[in-house]
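Me: I am new to this structure and would like to understand how its labels are earned. Could you take me through them with care?

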Amino acid sequence: MQTTGNSTVRVLIASLAGTTIEFFDFYIYATAAVLVFPKLFFPSSDPASALLQSFATFALAFFARPVGAILFGHFGDRIGRKATLVASLMTMGPSTVAIGLLPTYHSIGVAAPILLAIFRFGQGLGLGGEWGGAVLLATENAPAHKKSWYGMFPQLGAPLGFILSSGTFLGLSRFLSEEDFLTYGWRIPFIASALLIGIGLYVRLKLTETPVFLKVVAQHQQVTLPMRTIFTQHGRALLLGTLSALALFVLFYLMTVFTLSWGTTALHYPKSDFLHAQLIGILFFALGIPLSAQLADRFGRSPVLLWVAVAIFLFGLAFGHLFKADHWGNTVIFLGLGLFLMGGMYGPMGTTLAELFPPPVRYTGASLSFTLAGILGASLAPYIATFLAKQWGLDFVGYYLCAAATLTFFALWTARTLMREPS
C-alpha cells in the first residue's frame, strides 16, 4: 500500500485538535442557549417560552449537519480527506465568531434571532463534515488491531471541547457581574475561537492524504455521486449506523443541556455550582472513551457497545431517583455515571460507523449516519425532556432514554455482520 508522510503523532494530534475546536464552538453555543440567548435574542414575558425558542435554534444545527455530511462527504470521497477537513473547519469557525459579534434583539429587533439562526446553521454545516473526516484521518492511518484506539482520538475532542467551553463560562461568571456577563462577557469565547481556528488550520495544512484514500484513487474506485451510492447500495448500513448512535446522542444532551437547564431552574442549583458538577462529569466522559476503545480492540466493538447499551438502559431507570434537588452528592454521581456511559459508547463509535461502509463512500456514509443520529437523538432531546419533566416528572425523562437505548441495542445487534473487525 502506498504510504504517506504523516507520522502517527501528527495524525492523532490533527484529528484531536480539529474536533476539540469544533466541539468547543458547538458547546459554547449550547451553554449560551441556556444562559444567555433566551434573555438577549428571544425577549418574552414567559421565560419558559424564550428558553424553548432558544432551544429551537440549538436544534437547527442538527438539521444542518446532514447537509454538511452530504456536501463535505461528497468531496471527501471524491477529492480527499485532507482538503475537505480544512474546508469544514473554515465553515464552522467563522460562523462561531460571527455569533459573538451579533447585535441583540433590543438593537436590531427580529433580525437578531434570524441572524443567530443563520450562523447556527453554519456551525452545524461545518460540524457535519468535520467529524467523519477526523475519524477517517485517524482510522485510515491505523494498524488493523488498533483501529478503535486510533479512532477514539477525534472522539476525545468532545470532552476536551466541553471542558474548555464550560471552564471559559465558569471563569467569566466568576470574574464578571451578571450584568457585564450579559452585556459583553458571553461574547468572549465566541470571538476567541478565532485563535483556535488558526491553530487547527495550521496543523491540518501540514498533513498529507490517508493511505486508504490514495489506494481508492490508484485503483480508480471513486464514485461519481457517493450519496446516490449510499442510498442505492448501502441503505441498510446507513439505517443501522444511525440507530446505533441514537442512544449516545440522547444521553449526552440530556446530561448536558437538559440537566443544566432543569438543574438551575426547577431544582434551583446555583449556575456556577452546576457547571462545576458538569465539569466533574465530563472528566468521567473523557475516561470512558479510551477505556472503551481499548476494550473494543481487545474484545470487539460489537460486544462492548452492546453491553454499554444495556448499561444506559439501566441508568435510564434510575434517572429520576438520582437527579433531585438538595441532593448534591447524588447529582454529582448522577452526572459522572451518565457521562461515563456516554464515553463508553462514544469511544468505539467513530470506528464502528466508519467501517460499516467501504472506502469509496466511507466519508459520506459515516458522516451521514452520525448526523442523522444527531437529528433523531439530540436536536430535540432538551425540548422533549423538558416537556416530559414538566408533564409527568423526571422518571419519564429516564424512560425516554430507555427507549433510545433499546433501539440502539437492536441496531447494534443487527449490524454485527456488517462490522469490518479484525479476526
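Me: Why is Glu355 called buried?

Reply: Buried stands for under 20% relative accessible area, with exposed over 50% and partly exposed in between (1.4 Å probe, protein chains only); because Glu355 has a relative accessibility of 8%, it counts as buried. This is a predicted model, in which local features need pLDDT of at least 70, side-chain atom pairs count only at pLDDT 80 or more, and totals for chains, interfaces and linings use all residues. Residues are numbered from 1 along each chain as its sequence is written, and side-chain values use heavy atoms, with hydrogens and water left out.

Me: What makes the contact of Glu355 with Arg301 a salt bridge?

Reply: The term asks for a side-chain nitrogen of Lys or Arg within 4 Å of a carboxyl oxygen of Asp or Glu, and the closest N and O atoms of Glu355 and Arg301 are 3.3 Å apart, so the pair qualifies. Glu355 sits in the loop between α16 (328-354) and α17, and Arg301 in helix α15 (residues 301-322), helices being DSSP runs of H or I with at least four residues, numbered from the N terminus.

Me: Why is Arg301 called buried?

Reply: Its relative accessibility is 2%, and therefore Arg301 falls into the buried class.

Me: How do you know that Asp77 and Arg81 form a salt bridge, and are they buried or exposed?

Reply: Their side chains meet at 3.0 Å, N to O, which means that the pair satisfies the same rule. Asp77 is buried at 1% relative accessible area, and Arg81 is buried at 0%.

Conventions: Helices (H or I, at least four residues) and strands (E, at least two) are DSSP runs, numbered from the N terminus.
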